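Here is a set of short exercises to work through with the model open in your viewer. Try each task before you read its solution.

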Amino acid sequence: MKLAVIGTGYVGLVAGACFAETGNDVVCVDKDEAKIRLIRKGKMPIFEPGLEEVVKRNVAGKRLTFTTQLPKAVRSASVIMIAVGTPQGEDGSADLQHVLGVAREIAMAMNGYKVIVDKSTVPVGTANRVREVIRRETTYPFSVVSNPEFLKQGGAVADFFKPDRVVIGAEDEKAAEVMRNLYSPFTRTGAPIMVMDCASAELCKYAANALLATKISFMNEIANICELFGADVDQVRRAVGSDRRIGPSFLFPGTGYGGSCFPKDVKAIVKFTADKGYDFRIVKAVDAVNQLQKSILASKMEKHLGSLKGKTIAVWGLSFKPRTDDMREAPAVVLIERLLAAGARVQAFDPEAMPVAKRLFGNRIVLAPTSYKALEGADAMALVTEWNEFREPDFAKMRKAMKTPLIFDGRNIYSRDVMRTHGFQYFGIGR
Ligand code: NAD
């Protein structure tokens, strides 16, 4: 099949590369000329495990190309995917200007029947709006499909190759069949391709993200309750998660969820349901709990250190989760801003997000070349992102580097007993 993917970000680049891997002829489009230039030079604009190999293999196989010329890409393709950003608007709604703008550009370039697939996360009803925009601009026939993407950053390529399910919202059988054919190589192990109406498909994505965010905020509250009663959240989590009706995933307490999806999607579902007169109370509370949780390490530090003015704080982990360099809405950003506002000096390290952190903070914080350098002379260390390389560090070396052996573990990755043996004063979340 000939595909055009509009928007070459986390979703568009991964989807484009993976569809090329199964033999399709894919052109990835982005309006960001610098990004396209970079990819054409063989450099990845994002860090995502396995992505570079898939991109390079398919570029070499001449199945994957990159352009800023949307009209030409649209004319060459029979399936066009919209994978542009839907950032949070000022009122919490999903900002659809990129999606609708691209829909219009696609319509103006059409030269025959096209299947136009919305892969961006969009509020319920957007497929209808996309259809209207296109109908206004062209007389060529087309189908609009809603195909929300469920990949996780940090494991995006693996998720794309082995999805739990593929959700397709289609109003006609012809378009549904095109989508089934496109995805069949990825679902050979039995993952279902679920075909439904567009509104249901659009809601699937928000319902899934809101439920996952609910699990996180719920466990963060349980962790707070554990601290009140002297209970251990790890024991509680294991017992609760072993119930097959609940399951063990997404029950780890921490410093709150971040990233480019959960925070904005949670706010967007609250907004588009409120627009219909519905008060989505649970999800509003999930968001409020998360805002508080992002400050939990700073609050714990203030409680134990008193004023943070003049104190040196080491921060391990800056990305919103491991295996990505994405710092959008990352808990580390909230923590660092609060530490700086309190007059602390911050020395930070992250295995992948240092260039992003440099752009965000400039010279306001020290970006250390190694995790141990970040600890030098520190009054305390905050572990914010659970990168694997932080799990089994040289504790003696850590202890030696720090001025005061005080650890605030925002992800509960260390054993309290081990930390005590090495002479650290240790604080986790809910234990
Ligand atoms: P991103 O910001 O990484 O990439 C979006 C790209 O679209 C950018 O490169 C931007 O330059 C480009 N773009 C914007 N307007 C354009 C235009 N008019 N023409 C051409 N290119 C244009 O975003 P992302 O993280 O890939 O997310 C895209 C969508 O997918 C969002 O709706 C998001 O909610 C959803 N989603 C994201 C993830 C994720 O993990 N990042 C997972 C599932 C779904």
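**Exercise 1. Leaving aside its neighbours within four places in sequence, which residues is L318 in contact with? Then work out which core L318 belongs to.**

Solution. Keep in mind that you're looking at a predicted model.

Step 1: Skip anything within four places of L318 in sequence, and you're left with M327, A330, A332, I336, A348, F349, D350, A353, M354, A357, L367 and T385 as its contacts.

Step 2: Now zoom out to the core. L318 sits in the largest nonpolar core, a set of 61 residues, and L318 and Y414 have the most contacts inside that core.

Step 3: Ask who contributes. Helix α14 (residues 331–341) supplies the largest share of this core, 6 residues.

Step 4: Place the core. It gets residues from both domain 2 (206–292) and domain 3 (294–427), so it lies between the two. Apart from it there's another core, of 41 residues, including L13, A15, V117 and V145.

**Exercise 2. Find out how the protein is divided into domains, and how far apart the centres of domain 2 and domain 3 are.**

Solution.

Step 1: List the domains: domain 1 covers 2–196, domain 2 covers 206–292 and domain 3 covers 294–427.

Step 2: Take the centres over C-alpha atoms, and domain 2 and domain 3 come out 24 Å apart.

Step 3: Look at the contact between them, which takes 17 residues from domain 2 and 16 residues from domain 3.

**Exercise 3. Which residues are closest to the ligand, and how much of the ligand does the protein bury?**

Solution.

Step 1: Count the shell. The ligand is surrounded by 27 residues, with D30, K35, T86, Q153 and K264 the closest.

Step 2: Check the polar atoms. The side chain of K35 has an N or O atom 2.6 Å from an oxygen atom of the ligand. The backbone joins in too: a polar backbone atom of Y10 is 3.0 Å from a ligand oxygen, and for V11 a backbone N or O atom is 2.9 Å from one.

Step 3: Work out the cover. On its own the ligand exposes 830 Å², and the protein buries 89% of that.

Step 4: Go by element. Two of them, α1 (10–21) and α5 (97–109), give two or more residues to the shell. The most comes from α5, with 3 residues.

**Exercise 4. Is K119 buried or exposed? Say what its side chain makes a polar contact with.**

Solution.

Step 1: Locate K119 in the loop between β5 (114–118) and α6 (126–137).

Step 2: Compare its relative accessible area with the cut-off. Buried means under 20%, and K119 has 2%, so K119 is buried.

Step 3: Follow the side chain. It makes a polar contact with the side chain of Y183, at 2.9 Å.

Step 4: Fill in the surroundings. Beyond four places in sequence, K119 is in contact with V11, A15, M81, I82, A83, N147, P148, E149, F160 and Y183.

**Exercise 5. Which residues of helix α13 (residues 296–305) are buried, and what covers them?**

Solution.

Step 1: Pick out the buried ones: I296, L297, A298, K300, M301 and L305.

Step 2: Look at what lies over them. The cover includes α9 (198–229), α12 (281–293), β9, α14, β12 (380–383) and β13 (406–409).

Step 3: Step off the end of the helix. After α13 comes G306, with a positive phi near 75°.

**Exercise 6. Where do F250 and R323 lie, and what is the phi of each?**

Solution.

Step 1: Take F250, found in the loop between α10 (233–241) and α11 (262–274). Its phi is near 65°, which is positive in a residue other than glycine.

Step 2: Do the same for R323, placed in the loop between β9 (312–316) and α14. The phi of R323 is also positive, near 65°, and R323 isn't glycine either.

Step 3: Judge the exposure. Partly exposed runs between the buried cut-off of 20% and the exposed cut-off of 50%. F250 has 29% relative accessibility, so F250 is partly exposed. R323 has 40%, so R323 counts as partly exposed as well.

Key:
Residues are numbered from 1 along each chain as its sequence is written. This is a predicted model: local features need pLDDT of at least 70, side-chain atom pairs count only at pLDDT 80 or more; totals for chains, interfaces and linings use all residues. Side-chain values use heavy atoms; hydrogens and water are left out. A nonpolar core is a set of buried Ala, Val, Leu, Ile, Met, Phe, Trp, Tyr and Cys residues joined through side-chain atoms within 4.5 Å. Buried means under 20% relative accessible area, exposed over 50%, partly exposed in between (1.4 Å probe, protein chains only). Helices (H or I, at least four residues) and strands (E, at least two) are DSSP runs, numbered from the N terminus. Domain bounds come from an automatic or database domain assignment. Contact means heavy atoms within 4.5 Å. A residue is near a molecule or strand if one of its heavy atoms lies within 4 Å of it. A polar contact is a pair of N or O atoms within 3.5 Å; within protein, one must be able to donate a hydrogen and the other to accept it, and residues adjacent in sequence count only if both atoms are side-chain atoms. Accessible areas come from the Shrake-Rupley method with a 1.4 Å probe; for residues, only the protein chains shown count as cover.
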